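The following paragraphs lead through a protein model, moving from strand pairing to side-chain contacts and the surface. Please keep the structure in view while reading.

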Amino acid sequence: VNVAVMVGGFPRKEGMERKDVMSKNVSIYKSQASALEAHAAPNCKVLVVANPANTNALILKEFAPSIPEKNITCLTRLDHNRALGQISEKLNVQVTDVKNAIIWGNHSSTQYPDVNHATVKTPSGEKPVRELVADDEWLNTEFISTVQQRGAAIIKARKQSSALSAASSACDHIRDWVLGTPEGTFVSMGVYSDGSYGVPAGLIYSFPVTCSGGEWTIVQGLPIDEFSRKKMDVTAQELSEEKTLAYSCLN
């Protein structure tokens, strides 16, 4: 196995909390890890899609020690694409003209969709999203909650989670990881934290990354304001709690 996309898991259903599905998924991902240990290529790239994706990826990492930790990721590209979609709709521009939104943290309702570094291609060059939208109230409230709650809204409407948009995002994630991101563009990936941006090391946390030569690198040096810092810390705290809960299920 050179690329493993882990879509199997106990699905979250309407009315279920993420923690309800944790113990079921811990046992699933423990066995998936054993399968990878037996059959994965030494440099196998792993993408975990099934929720709780970040913590499922962490469990997988624990039980598949022969796979490098940098090769175990989780999907936050779906949220990233939704953020780009919301901006393109607000500004009535092509979604392909919007770039560098960031999803920080957990693939959950605590994730932080950040537009502070996002830009839009215009006839006169790239312009900051904040400048073009010119509505901080919308960007700091409605935009964030719409992206955070989109999964729940789809479950409410369809009685099951999104299918095609998740599949499309998984393809985007793998394609960029393998073939590289365009110059000047970064994307969101749930990766093993090395302590960047004050995120506790040892969590699988969504960061802005660039990809080249089959490797991802966390984008460094982006300025983080106080509003963003608080949002990033809240989602890191949830991931720390999920990690504790998952390890208690293991025992």
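In this predicted model, strands β7 and β8 run antiparallel and are joined by four bridges. The two strands form a hairpin, with two residues between them. Within this pairing, T122 stands opposite G125 of β8. On the other face of the pairing question stands β4: two bridges join β4 to β7, which comprises residues 119-122, and these two strands are likewise antiparallel. Here V98 has V120 of β7 as its bridge partner. Taken together, the strands make an open sheet of three, in the order β4-β7-β8, with antiparallel pairing. Because β4 (98-99) and β8 (125-128) each have a single partner strand, they stand at the edges, and one side of each is left without a neighbour in the sheet.

The aromatic side chains come next. A pair of aromatic rings is described by the distance of the centres and the angle of the planes. The whole structure contains five aromatic pairs. In one of them, the ring centres of Y112 and F227 lie 6.1 Å apart and the planes meet at 70°, so this pair is edge-to-face. Y112 belongs to strand β6 (residues 112-114) and F227 to helix α7 (residues 226-250); the pair therefore ties together parts that are 115 residues apart in sequence. How buried or exposed are the two partners, Y112 and F227? Y112 counts as buried, because its relative accessibility is 1%, whereas F227, at a relative accessible area of 32%, is partly exposed. A further pair, Y205 and F207, is tilted, with 5.0 Å from centre to centre and 50° between the planes. Both Y205 and F207 are buried. These two residues also belong to one aromatic cluster together with W104 and Y197. A ring may also have a charge as its neighbour: the charged end of K24 sits over the ring of F10, at 4.9 Å from the ring centre.

Contacts between separate stretches of the chain can also be followed through C-alpha positions. H107 is located in the loop between β5 (102-104) and β6. With a relative accessible area of 13%, H107 is buried. In sequence H107 and T235 are 128 residues apart, while their C-alpha atoms are 9.1 Å apart in space. K61, a residue of helix α2 (residues 53-63), offers another example. The C-alpha atoms of K61 and I72 are separated by 6.7 Å, and the two residues are 11 apart along the chain. K61 is buried, since its relative accessible area is 14% and the cut-off for buried is under 20%.

Side chains of opposite charge can pair when their charged atoms come close. The structure holds 10 salt bridges. One of these joins D79 to R82, with an N to O distance of 3.9 Å. Both residues lie in helix α3 (residues 77-91), three residues apart, which is about one turn of the helix. D79 counts as buried at 1% relative accessibility, and R82 is buried as well, with a relative accessible area of 13%.

In helix α6, R175 and D172 meet in a salt bridge of 3.1 Å, N to O. Because they are three residues apart in α6, about one helical turn separates them. R175 is partly exposed, with a relative accessible area of 40%, whereas D172 is buried at 14%.

Helix α7 supplies a further case, in which the side chains of K230 and E226 form a salt bridge of 3.7 Å, N to O. These residues are four apart in α7, so the separation is about one helical turn. Both ends of this bridge are exposed: K230 has 52% relative accessibility, and E226 has 60%. Elsewhere, salt bridges that share partners join R77, D172, R175 and D176 into one network.

The surface completes the account. Which residues make the nonpolar surface patch of about 440 Å²? The patch is made by V3, V5, V7, V178 and L179. Two elements, β1 (3-6) and α6 (164-179), give two or more residues to the patch. V7 has its place in the loop between β1 and α1 (18-39). V7 is exposed, because its relative accessible area is 61%.

Terms used
Residues are numbered from 1 along each chain as its sequence is written. This is a predicted model: local features need pLDDT of at least 70, side-chain atom pairs count only at pLDDT 80 or more; totals for chains, interfaces and linings use all residues. Side-chain values use heavy atoms; hydrogens and water are left out. Two strands pair if DSSP finds at least two bridges between them. Patches are made of residues with over 30% relative accessible area and no salt bridge: like charges are joined within 9 Å, nonpolar side chains (Val, Leu, Ile, Met, Phe, Trp, Tyr) within 5 Å. Accessible areas come from the Shrake-Rupley method with a 1.4 Å probe; for residues, only the protein chains shown count as cover. A salt bridge is a side-chain nitrogen of Lys or Arg within 4 Å of a carboxyl oxygen of Asp or Glu. Buried means under 20% relative accessible area, exposed over 50%, partly exposed in between (1.4 Å probe, protein chains only). Rings of Phe, Tyr and Trp (its six-membered ring) pair if their centres lie within 6.5 Å; planes under 30 degrees apart count as stacked, over 60 as edge-to-face and the rest as tilted. A charge sits over a ring if NZ of Lys or CZ of Arg is within 6 Å of the ring centre and within 35 degrees of the ring normal.
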